[in-house]
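Dear colleague,

Here is the structure we spoke of handing over. My notes on it follow below the view.

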Amino acid sequence: MTADPRAADTRAVVPLDPSLAPPGTRAFRDAGGIPADQWHADQNGETLVPTHCCFCGVQCGMYLRVDRGGKVFGVEPRNHDINRMRLCPKGINAYQQVNHPDRLTAPLMRRSRDEDFREVSWDEALDFTVAEIKRIQQTYGNDAFGLLGGASLFSEKTYLVGKFARVALKSRHVDYNGRLCMVSAAGANKLAFGIDRAGNPFSDILLTDCLLIAGSNVGECFPVMTQYVWGARDRGASLIVIDPRETAIARTADIHVALKPGTDSAFFNAVLNVVIEEGLTDETYLAAHATGWAEVKAKAAEYPPSRSAEICGVPAEQIVQVARAFARAPKAMAWHARGIEHHSQGVENCLTVINLCAATGHIGKPGAGYGTLTGQGNGQGGREHGQKSDLLPGGRSIMNEEHRRQICEIWGIEESELPPAGTSMMEMVWQMQRREIRGLIGICNNPFVSLPNYKVVKEGYDATQFHAQFDFFLSETAANAHVVFPVTTWAEDEGVMANAEARVVKHNKAQDPPPGVRTDTWVMCELAKRLGAGDKFAFTDSREVFDELRIASAGTVNDYYGITYERLEETGGIAWPCPSTDHPGTPRLFEDGRTYHPDGKIHMQAVEWHPPMDPYDDEHPMSLTTGRTVAHFLSGNQTRRLGALVEQTPRPWAEIHPSHGFRNGEPVRVVTRRGSEVFPALVTEAIRPDTVFIPYHWPVPTSANALTIDALDPRSKIPEYKVCACRIEHAEKIDEVPGPPVAPGHVAYPETQVSRTDPLPPTSPQGRGTSERS
């Protein structure tokens with residue numbers, strides 16, 4: 001589409017000079033956003049702003065369509081390396097958030113939760129917040145106030161979250177909602193490789209001969225990534241999927257292992273057992289590049305296929321098939337996601353996959369390696385620069401004296417002023433329950449939907465004396481706060497994110513925010529100034545924050561120093577580590593056979609399987625597992641307001657096997673030790689008979705996470721979302737889906753609410769054996 005050069009912002013808009021390339025003769029991006037000849041914009045003055053999707057860790061490239069008045073009104077796919085003109089349902093609809101009628105456009109405040117919110121000035125909201133911070137900290141100590149960030153924030157903002165907590169609040173209590181997502185993989189990566197990121201770029205999938213996907217519903221959670229899976233299949237690669245459900249991607253697999261939830265490490269230990277017994281290990285590679293192999297080998301010997309088949313509820317023959325397919329392939333890759341990470345032994349589950357890759361020598365080569373699929377848009381970058389409770393910028397450890405000294409020098413504070421490590425997100429909620437944390441600021445998160453065991457979460461937040469929340473919609477969590485700060489969407493600011501490949505990409509500003517809305521950066525800096533730390537937060541925009549982040553990461557494993565906004569615009573993305581501005585980045589790790597441990601070796605770890613934390617008994621004989629659906633994202637605060645997505649998937653359901661005697665759409669009560677809720681049944685043969693699946697994007701009384709257990713992995717502190725004991729019962733009436741909260745004086749946007757009353761589940765994407773809607 002042609003665009004009006006007079007409307008162009010040269011910092012954010014694709015160049016519009018047609019002399020760069022005749023229209024239609026080069027890629028859309030390289031042609032400066034000008035389409036093939038004879039095509040014209042349907043709106044005079046339209047500008048295309050190149051950016052990336054705000055949702056998952058694939059980070060698809062897109063153009064936001066901006067009208068002459070400077071407002072975002074549409075989207076076009078972008079021929080970026082990552083997605084090559086493809087967008088998923090969420091990406092296509094993401095732009096509708098920007099000028100949505102539910103947007104918050106003024107600070108909301110109340111002095112007590114017994115009062116109604118009222119719109120106030122920024123000064124009143126900021127002054128009240130600062131007064132409450134000071135009152136609580138002066139009375140109970142600095143650590144009585146906490147901060148929870150989010151992994152959908154730009155990296156510049158995640159950097160500020162960690163700095164603000166430790167320098168302005170002077171509190172040890174800071175964590176983020178990536179604690180609910182990637183930390184098990186991060187813990188395993190650090191233990192095994194000394195670095196926390198995927199080892200290979202997505203493009204390596206196209207080169208592999210065998211692709212193993214464990215615990216990832218790729219077709220719904222990362223739809224655009226399926227192009228890489230199909231590309232590999234077109235070359236003849238075999239596909240192995242490990243998942244208790246026959247998801248869309250599992251249905252196409254050569255081998256689908258429908259193992260019982262919570263048994264992943266027992267399964268992968270048995271696969272390794274077969275690899276060893278059949279002489280399929282790469283002993284030369286192991287001798288040169290690994291430690292701990294003897295211990296891992298001895299532990300695998302305790303898990304013959306017959307034993308693990310009984311634990312996992314799968315045929316022993318399948319374990320043998322997986323081992324032979326993966327180990328015999330000239331090049332094999334393993335990718336996993338929350339399905340094996342959301343467990344009380346999530347770190348260990350990931351380590352067993354790493355053990356398999358290392359034992360077969362499938363590490364650090366084109367088409368051979370290991371990686372994790374990131375749930376949130378900045379799930380990778382969001383944990384790299386300091387908002388995680390135990391980390392400082394650059395992935396430094398807050399417990400390491402030298403790391404502390406380095407950051408204190410950059411921040412201009414004394415080492416004695418830097419607090420020690422804090423606790424994890426769920427542990428902070430428990431501390432709120434115990435009134436150890438009495439005040440909280442939340443940024444880019446919605447724990448009332450996303451955390452497990454809702455009753456405990458509600459009690460914890462209700463126990464706080466003061467709670468402020470940053471958001472652009474009134475989330476369920478924000479609706480419980482004392483102050484709500486209206487902040488920008490991703491399209492109203494600029495910044496970087498790191499996708500699941502650790503490729504840093506740049507998001508560009510497409511429009512100015514509505515009057516009364518501020519950036520998260522501005523709000524944190526303004527609060528810091530009023531708390532007496534303004535000299536440490538004298539940032540006017542994201543670029544200035546990013547320049548400090550680059551310096552703070554220099555020389556670390558997570559080195560961003562060589563990445564600049566200009567280079568990102570030119571290249572479309574750079575994989576860290578990138579230590580200098582002439583460095584190309586590092587899309588593939590371990591090519592020289594060395595890891596990031598001082599000895600350069602993979603530190604393999606022996607793993608003993610243990611059962612899930614919520615025990616089965618006669619009252620709770622089945623497994624409840626949770627996950628995402630293609631139309632929605634995380635807590636649904638964004639997607640449950642977008643009409644096409646609500647219409648596609650208006651409500652959650654309970655996916656159950658036909659053997660239980662339910663008809664499609666009948667009320668089924670799911671009961672755990674935390675409570676019960678009633679959902680429409682989605683009856684399908686594509687799930688294990690002993691398992692129930694519920695998508696988790698909705699609040700109570702239709703919240704999957706009102707039922708899940710708040711048991712944590714002892715290493716990563718990730719909750720065990722993917723398995724808890726349950727039973728199912730016939731019920732009389734399906735629980736109604738509540739509408740999203742809205743600001744006072746507003747009503748829920750009607751176009752997104754009509755289909756919420758639909759009593760039936762959506763038709764299942766799995767297909768086989770699924771009842772059709774009538």
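**Helix 16 and its cover**

Helix 16 (residues 425-433) is largely enclosed by the rest of the structure, because seven of its nine residues are buried. As a caution before going on, this is a predicted model. The buried residues of the helix are Met 425, Met 426, Glu 427, Met 428, Val 429, Gln 431 and Met 432. Their cover includes three strands, namely strand 6 (145-149), strand 7 (174-176) and strand 16 (439-443), together with helix 17 (447-450) and helix 18 (454-463). Just after helix 16, Arg 435 has a positive phi of about 65°.

**Strand 23**

A second enclosed element is strand 23 (residues 622-627). Six of its six residues are buried, so the rest of the structure largely encloses this strand too. Neither face is left open: Met 622, Leu 624 and Thr 626 are buried on one side, and Ser 623, Thr 625 and Gly 627 are buried on the other.

Strand 23 has pairings of both senses. With strand 27 (residues 691-695) the pairing is parallel and runs over five bridges; in that pair, Gly 627 stands opposite Pro 695. With strand 28 (residues 724-730) the pairing is antiparallel, through three bridges, and Met 622 has Cys 726 as its bridge partner there.

**Val 545**

Val 545 lies in helix 20 (residues 542-553). Its relative accessibility is 0%, so Val 545 counts as buried. Which residues does Val 545 touch, leaving aside neighbours within four places in sequence? The contacts are Glu 156, Tyr 159, Leu 160, Thr 521 and Phe 539. Ala 533 is twelve residues from Val 545 along the chain, and the C-alpha atoms of the two are 16 Å apart.

**The sheet of strands 1 to 3**

Strands 1, 2 and 3 form an open sheet in the order 1-2-3, with antiparallel pairing. Strand 1 (47-52) and strand 3 (72-77) are at the edges and have a single partner strand each, so one side of each has no neighbour in the sheet. On average, neighbouring strands here are turned by 30° against each other, direction ignored. Strand 2 (residues 61-66) pairs with strand 3 over five antiparallel bridges, and Tyr 63 stands opposite Glu 76 of strand 3.

An unreviewed UniProt entry annotates residues 46-102 as "domain: 4Fe-4S Mo/W bis-MGD-type". In the model, that span is 9% helix and 32% strand, and its end C-alpha atoms lie 25 Å apart.

**The chain as a whole**

The protein chain has 22 helices and 28 strands. Its radius of gyration is 25 Å, close to the 28 Å that the globule rule gives for 774 residues, so the chain is as compact as a globular protein of that length. The C-alpha trace spans about 70 × 65 × 65 Å along its principal axes.

Of the 774 residues, 65% count as buried. The accessible surface of the chain is about 25800 Å², and carbon and sulfur atoms account for 50% of this area. Among contacts in the chain with a separation of 6 or more, 74% are between residues 24 or more positions apart.

Regards

Note on methods
Residues numbered from 1 in each chain as written. Predicted model: local features only at pLDDT ≥ 70, side-chain atom pairs only at ≥ 80, totals over all residues. Heavy atoms only, no water. Pairing = 2+ DSSP bridges. Helix = DSSP H or I, 4+ residues; strand = E, 2+ residues; numbered from the N terminus. Axes fitted to C-alpha atoms, helices over the stretch in contact; angles between N-to-C directions. Rg over C-alpha atoms; globule rule 2.2 N^0.38 Å. Buried < 20%, exposed > 50% of the residue type's maximum accessible area, 1.4 Å probe, protein only. Contact = heavy atoms within 4.5 Å. Areas by Shrake-Rupley, 256 points an atom, 1.4 Å probe, with all protein chains shown as cover. UniProt positions renumbered as here; feature names shortened; annotations may be inferred.
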